Structures are given as C-alpha cells and as structure tokens.
Amino acid sequence: MTTKRVLLTGADGFLGSHILRKLVGNGYQVRAFLQKGRSHTTIEGFPYEPFYGDLLNEEHIDQALKGCDFLIHTVAITDIWPKRSELQRRVNFGVAKKIAAFAKKHNIQRMIQIGTANSFGYGDKFNPGDESSPYAFAKFGLDYMDSKKNAQDFLLNEANQNQLPVVIINPTFMVGEYDSKPGTGAMIVALLKGQVGSYANGGRNYVYVGDVAQVVVNALEKGQIGECYIAGNANLNYKEFFKLVGESGNVKTPKTKLPYPILIAAASAAELLSKFTKKAPLVSIPMIRIANEEQFYDASKAIKELNMPQTPIEIAVERSVKWFRENGYA
C-alpha cells in the first residue's frame, strides 16, 4: 500500500500542530508548508518534510503541491483589529482562490479547507445554528469573518461548477494545548492572570482542538465533496466557561456581568487610546458586540458523517491550562 502525502499549511499553528500529529498517527506522510523565521517548537520531534515558502507566492504553492495526494489548508489571519485589512483579505480569500487552482492543476484527491463556524448564523441553546443557518456576521464589519465567508462561497462554487474536491471544516472556539500565539486561548491566559474583571451577556460554542484535528483527518476519506461541517461541542455562556477555567486553574473568576452600555463605553475609550498608542486596543467595539451574542452551534452533521469525537470541554480546558502554565504564559 502506497503511503499518501499531505500538504499541510500552517503546520506549526494551534490547529495545524494537532493535525500534523493526527496525520502521522494515521500513517500519512506530511509535507509541512512553513514560514522561515517562525518557531516550529509545537511540532518538534515529529516526522515531516518541511517546505519553506510564502503562500502569497504562486510559484511556492505550485512547488509545494507537487507529488501530494491531499491538501489541508489551515492558514488564516484571525485578528479582528484592525477591522479592515487588505492583507487579511489577500491571505484569507486570495490565497484560498490560488491554492484551489493549483490543487486542481496537481489533481489533488481532496482539499480540506479550514473555515469558521462564523460563516453560518448562530442561535441560542434551544435552537443553535447549523450549516443551513444564513451568515449573520456581516453586521460586525470585520474583514476576518467576511473574508472567510468569501473564501467558503468561492470554494463551494468551485466544487459545484468545476469539480474542485473540497470539504470545508468550520471549527467553533477551540480550546487545548499548543496554542503558542496564543490565539483562542488568550482569554484563558487572561483569566489565569486575573486580568478579567467581569463578563458579558453572550456565550460561545467550545470544542477541543484535538477533536477538530481528528475530524479534519477523517474528512480526507469521509464526508461529502462540496459540503461544510461545523466542528463544535459545548454551548456555554461566559459565566459557565469562566467557571470551568477557574476550577481547572484554581483561580478566582469574575462574578459580575456588566451591562452592555458600560462595556461599549469602555471599548470606545480603548479604541480612542489606541489611536495615540498605535497599538491594538485590549477591547474593541466589535469584540463587545460579538461577546454580547449567544454564538451557539450544533455539530450533529460532523458527528454523524465524519465521526467527530466529543472530548468533554472540562478536559480540554484542563489541558489548555496545564500547557499554558508549563510554557510560562501564566
């Protein structure tokens, strides 16, 4: 049996490092598309073929895909400040278009695009959003969410019109180890440091990053071309999630829920200050608006069609807290 080779972009990232581990464990050869100058400690000790390049360079994409059977594309700029960013659009949408074209050129058997659950509408605990829920994030005016939705729409159209063999995995809010930026774990680090004094009215769907990585690898062989799969688990409001972090980290967590107008006023002041400091504000108006919403989702489709695991979110939080502390973040 011939070993299949997978090109994995962002292999040293939070999700990418988990995907690499799952690929190796399932017998795939991994060609890791990496940036020179970045730390790759999250994947040290694992067998992979490094390819150093720039995803904005078409020649690098072309070279990286030669001899590969599959493509897993995880790279995206997830910042929500500044609200509008030409580079973010080029990376999140432009690169997806280019990499899809070269995937067709090299007859890739299947392309897995990492999207976001934010490309679908959300709901409450009684009626969570799913893959049929219309996009609801345009009102926030953020290039991160808009560019990811644009990429998703383009790729699904390519699957429908031009036989691009793409499957899109749409993670919710991922929690777990190897979040070296940190990105989604920034809130956990802030809680461990005692930097969060209150909480907002909304909530999120949380999922163990290792479960998302497993469903990505499963999608190389399972699932339907031209389909999206929300990869999620537990719908929790902020008070419930903060309580989990507090219990796992043995720290006090905020007990006060601040009214929306006060939070908006604080965010306005932070944005004004950032104009003078030239640094991203600790909190922005879009962040508060998003935090005030119940972004709850249903992952039934991924569980049924892609055999997605459902690691208890308490375990995911414990692993995240342990990793951040062992690596000096908190």
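In the predicted model, P82 is placed in the loop between β4 and α3, and the peptide bond that leads from W81 to P82 is cis, with omega near 0°. A cis peptide bond also joins K181 and P182, where omega is about -25°; P182 belongs to the loop between β7 (173-175) and α5 (186-192). Most peptide bonds are trans, and most residues other than glycine have a negative phi. With respect to phi, Q163 has a positive value of about 60° although it is not a glycine, and N307, likewise not a glycine, has a positive phi of about 50°. Q163 is found in the loop between α4 and β6 (166-171), whereas N307 occupies the loop between α10 (300-306) and α11 (313-326). Q163 is exposed, its relative accessible area being 61%, while N307, at 46% relative accessibility, counts as partly exposed.

The loop between β4 (70-73) and α3 (86-105) also carries R84, which forms a salt bridge with D143, the closest N and O atoms being 2.7 Å apart. This pair links distant parts of the chain, since D143 lies in helix α4 (residues 143-162) and the two residues are 59 residues apart. The two partners are unlike in their accessibility: R84 is partly exposed, with a relative accessible area of 46%, whereas D143 is buried, with a relative accessible area of 4%. D143 forms a salt bridge with R89 as well, and here the closest N and O atoms are 2.4 Å apart. Because R89 lies in helix α3 and D143 in helix α4, the pair ties together parts that are 54 residues apart in sequence; R89 is partly exposed, with a relative accessible area of 33%. These residues take part in a network of salt bridges in which R84, E86, R89, D143 and D146 are linked. Elsewhere, E247 forms a salt bridge with K243, with the closest N and O atoms 2.6 Å apart; both residues lie in helix α7 (residues 238-249), where they are 4 residues apart, about one turn of the helix. The count of salt bridges comes to 16.

Strand β4 is covered on both faces, with F70 and I72 on one side and L71 and H73 on the other, all of them buried. Strand β1 (residues 5-9) runs parallel to β4 and is joined to it by 4 bridges, with F70 in β4 as the bridge partner of V6. Strand β5 (residues 110-114) likewise pairs with β4 in the parallel sense, over 4 bridges, and I112 in β5 is the bridge partner of I72. Between these two strands the chain crosses from β4 through α3 to β5, and this β-α-β crossover is right-handed.

Both I72 and I112 are among the residues with the most contacts inside the largest nonpolar core, which has 63 residues; the others named in this group are I19, L23, I169, Y206 and F241. When residues up to four places away in sequence are not counted, F241 touches V175, M187, I188, Y206, L236 and V317. Apart from the largest core lies another core, of 35 residues, among them L55, L65, M111 and L164.

Technical notes: Residues are numbered from 1 along each chain as its sequence is written. This is a predicted model: local features need pLDDT of at least 70, side-chain atom pairs count only at pLDDT 80 or more; totals for chains, interfaces and linings use all residues. Side-chain values use heavy atoms; hydrogens and water are left out. A salt bridge is a side-chain nitrogen of Lys or Arg within 4 Å of a carboxyl oxygen of Asp or Glu. Buried means under 20% relative accessible area, exposed over 50%, partly exposed in between (1.4 Å probe, protein chains only). Two strands pair if DSSP finds at least two bridges between them. A crossover is right-handed if, with the strands pointing away from the viewer, the path from the first strand over the helix to the second runs clockwise. A nonpolar core is a set of buried Ala, Val, Leu, Ile, Met, Phe, Trp, Tyr and Cys residues joined through side-chain atoms within 4.5 Å. Contact means heavy atoms within 4.5 Å.
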